[in-house]
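Work through the following exercises with the model open beside the text. Each task is followed by a solution that proceeds step by step.

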Amino acid sequence: MGGRCAVAAAVAVWLGLLPGGGGAAAATVALLLACAFGFVAWRGPDRVGTVALLAALLLAGFARGAAGRAALERERARFVAHDGLYAVAARVVEPPRREAGEPVAVVRIDAARPPLLAGTRARLRLPAGSDAEWGDGLEALARLEVPPSRRNPGGGDARAAAAAAGLAAGGRAFHTTVRPGRGLDALPRATLARWRRALERCYATGLEPAARELVVPLILGDRSGVSPDLGAHLRASGLVHLLALSGLHVAWLAALARGLAAAAGGGVRARALAGATCAALYLGIAGPLPSLARAAATELFGAGARLLGRALDPLQALALGAVTLLALEPGWARDLGFQLSCAATLGLVTAGPWLATAARGARLAMPLVATASAQLTALPLLLARFHAVAWAVPITNLVAVPIAGLLVSGAWLGAIVELALPGAGRPLFAACELLAALLRAVAEAGAALPAALIGTGGDPLLPAVAGAGATMLALGLAPARDLASRGRPASCARVAARVLGGALLATALGAALGAQPLRPPPGRYWLVVLDVGQGDATALGFADGWWLVDAGPRSPRFDAGEGIVLPFLRWAGVRRLAALALTHDDGDHTGGVEAVRRGVGISRILAPPALPGAPGPGARFGAATARRGDTLRRDPELRVLWPPPSLAPRGDNAASLVLELGAGPARSLLAADADSMVEDSLEVTPGAAVLKVAHHGSATSSGARFLARLAPRVAAISCGRRNPFGHPDRGVLARLAAAGCEVRRTDLGGALWFEIGPDGARALDWRRGPPREPAAGPGARSATLAAPRPRW
């Protein structure tokens, strides 16, 4: 990139860290990529030496990543050996997040019983009201465990995210004793912690809850208090990046600091020092958030160059910041926030100037340049992780970014004035209330647009093509380092890189927008029991569309419809459901309905009839009635076995919608929350392929007589890990085993995906990628099926 040695070094180190611990094949591929980049991008006289240096940096990064990964696995092995209660002595190493009510802190464990490796890092949820601060010692009785790996198709991977943060485990502390940090080394942390707590108290007393829900994440990076609805609106409107502290926030505050320095008569060096000091203090108050650290490092390197009177263009500053942080925290190479921050900034400093020049004649297009350039280079990550594109991003950001900038400035100035002169900050806080309401209105309006967030499917080829295009575009559009070179026409190689990069990005985006939903092979259907915790959400995939039976639970801080069901549907490329069936009106089945309705189209909603004592969910959601004897679809046939048209139920569970799907050995029974009395009233025949076990495996369901009549081959149980009800009941498991069932549970294995046809059911390994219809012809097979392929 125009001889920028820091950029080449950052690429080499990052490529080395990504496959660290992932095997020789990954390292070989990364080495070849780094050498190719060095040979093509470097124009100096010693290409061979440059390539050798880049290869050495890559191998050093690989070794560093492999060593860190091995150490983390050794730490986690202790938790696997003893998964339970620990008495720990630890130290808080990051500012706790308090907005959710129960503080969440990252701790470094110094000693533990049973023994753990000293220095192990874990994330602990502390008891409500805990006053532990950054740098304090902590003695706690805690339940700790290794975070689970990916639990649902399209969902996040908690174990990989924890590894990126260097965390071996997570859990909850039941009793804590806090010992404040002492000594000179604790003084800086204690000072920053007091400043942070002062800001938190200032916003808690000066702002209404609705405004504080936006201000605290914008200022302090604590998103634990963001409600599921607000988070959903921000994601759908493409504004969630505003709450991720990064370059935008540092730029606002550093510009404010430089402006104040200039107003005081400061020169270039004084302004640079003011901006750098502001960035460093912000990082200290908010804590070591990867995206914020990247932005602060970039600001510090830029300020250092200005203090020394040296030229340092933004691309070099970005690369220097990235390579420095990766040397200190190699796990951040896999952190999504760090990746998005670097990718978006890369677009701003490479594609941004070119787009600004191209749009110079179109005044209306100029405000869209920053958003468009950041989105171009961030697109591969958005496709790979979120499987969706928010088409209204340019419009919503055009309105929201200035509002957010004013809100950040007002909140900081209001807090400073209020702390200096109590009561004087109220006018500024009143302005923050108005700005927060405006920002919320923009997010809600953007989310309400038709198909605001378009699912793009989980095909790994799309982000790969988009990544190649973004790389070529960045190489072709990177501005020359000196002014004389910038006036010359672009070389043929750079023009070719621009054309090829633009074509690849356009191809990837077009393919993503035109992605088709996954379809089962002819003559088969899919039954996907999603892991929504203690609740139910089951997706049914047919050749002509997808159905959803229930939508999971909702709590004040988590919505399974938004956090699990919709990511799965986007990963599967589903933009419209053929039907949503609600089995009954318990919150663990209907809590996520509103999120699903907001996120995808639904052709029809079905629910059981309203009965005395059990009105059901039909009236609330405008659902059509489904009762015993109804056939809801053909090929495969979906029949309603319960409830009958007239019934005096004992509650919602006894009036649950029980569905039977398919025929002969391809039958599945979805028993909702029916109890054993309902089960004994069902008309069933033996030999079902899959039984979706009733009521999460409660003792009141799955009676022996019913199981003997149905004779299912596979029993699928949806229940939460360590749920307070003890589901599944040991008696139920014993009865299922006695009936000859193979038992599969979401609390143990995550989402369960079955492909069901005339020859029975087989499990699909969705973790290997989206299932694809096998190619026609003899011996055709799906590469995504688990090996060996169990049949029942």
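Helices (H or I, at least four residues) and strands (E, at least two) are taken as DSSP runs and numbered from the N terminus. The model is a predicted one, in which local features need pLDDT of at least 70 and side-chain atom pairs count only at pLDDT 80 or more, while totals for chains, interfaces and linings use all residues. Residues are numbered from 1 along each chain as its sequence is written, and side-chain values use heavy atoms, with hydrogens and water left out.

**Exercise 1. Place S130 in the fold and determine whether it is buried or exposed.**

Step 1. S130 sits in the loop that runs between β3 (120-125) and β4 (137-145).

Step 2. Buried means under 20% relative accessible area, exposed over 50%, and partly exposed in between, with a 1.4 Å probe and protein chains only. S130 has a relative accessibility of 11%, and therefore counts as buried.

Step 3. Taking contact as heavy atoms within 4.5 Å, and setting aside neighbours within four places in sequence, S130 touches R98, P103, T176 and V178.

Step 4. For the setting of β3, note that two strands pair if DSSP finds at least two bridges between them. β3 and strand β5 (residues 169-179) run parallel and are joined by four bridges, with R172 of β5 as the bridge partner of R125. Both strands belong to a barrel of mixed pairing, which five strands close in the order β1-β2-β3-β5-β4.

**Exercise 2. Describe how strand β9 is enclosed and how it is paired.**

Step 1. Five of the five residues of β9 (residues 538-542) are buried, so the strand is largely enclosed by the rest of the structure.

Step 2. In a regular strand the side chains alternate between the two faces of the sheet. In β9, T538, L540 and F542 point one way, whereas A539 and G541 point the other way, and all are buried.

Step 3. β9 pairs in the antiparallel sense with strand β8 (residues 525-529) over four bridges, one of which has G541 as the partner of W526. β9 is also antiparallel to strand β10 (residues 545-549), over five bridges, and there V549 is the partner of T538.

Step 4. The connection from β9 to β10 is a hairpin through two residues.

**Exercise 3. Characterise the aromatic pair of Y282 and W412, and then that of W526 and W753.**

Step 1. Rings of Phe, Tyr and Trp (its six-membered ring) pair if their centres lie within 6.5 Å; planes under 30 degrees apart count as stacked, over 60 as edge-to-face and the rest as tilted. The structure holds 13 aromatic pairs.

Step 2. The ring centres of Y282 and W412 are 5.7 Å apart and their planes stand at 90 degrees, so this pair is edge-to-face. Y282 belongs to helix α9 (residues 268-286) and W412 to helix α14 (residues 393-420), and the two residues are 130 apart along the chain. Y282 counts as buried because its relative accessibility is 3%, and W412 counts as buried at 11%.

Step 3. W526 and W753 also form an edge-to-face pair, with 5.3 Å from centre to centre and 75 degrees between the planes. Because W526 lies in strand β8 and W753 in strand β23, the pair ties together parts that are 227 residues apart in sequence. Both W526 and W753 are buried.

Step 4. Ring pairs also bring W546, F568 and W571 into a cluster with W526 and W753.
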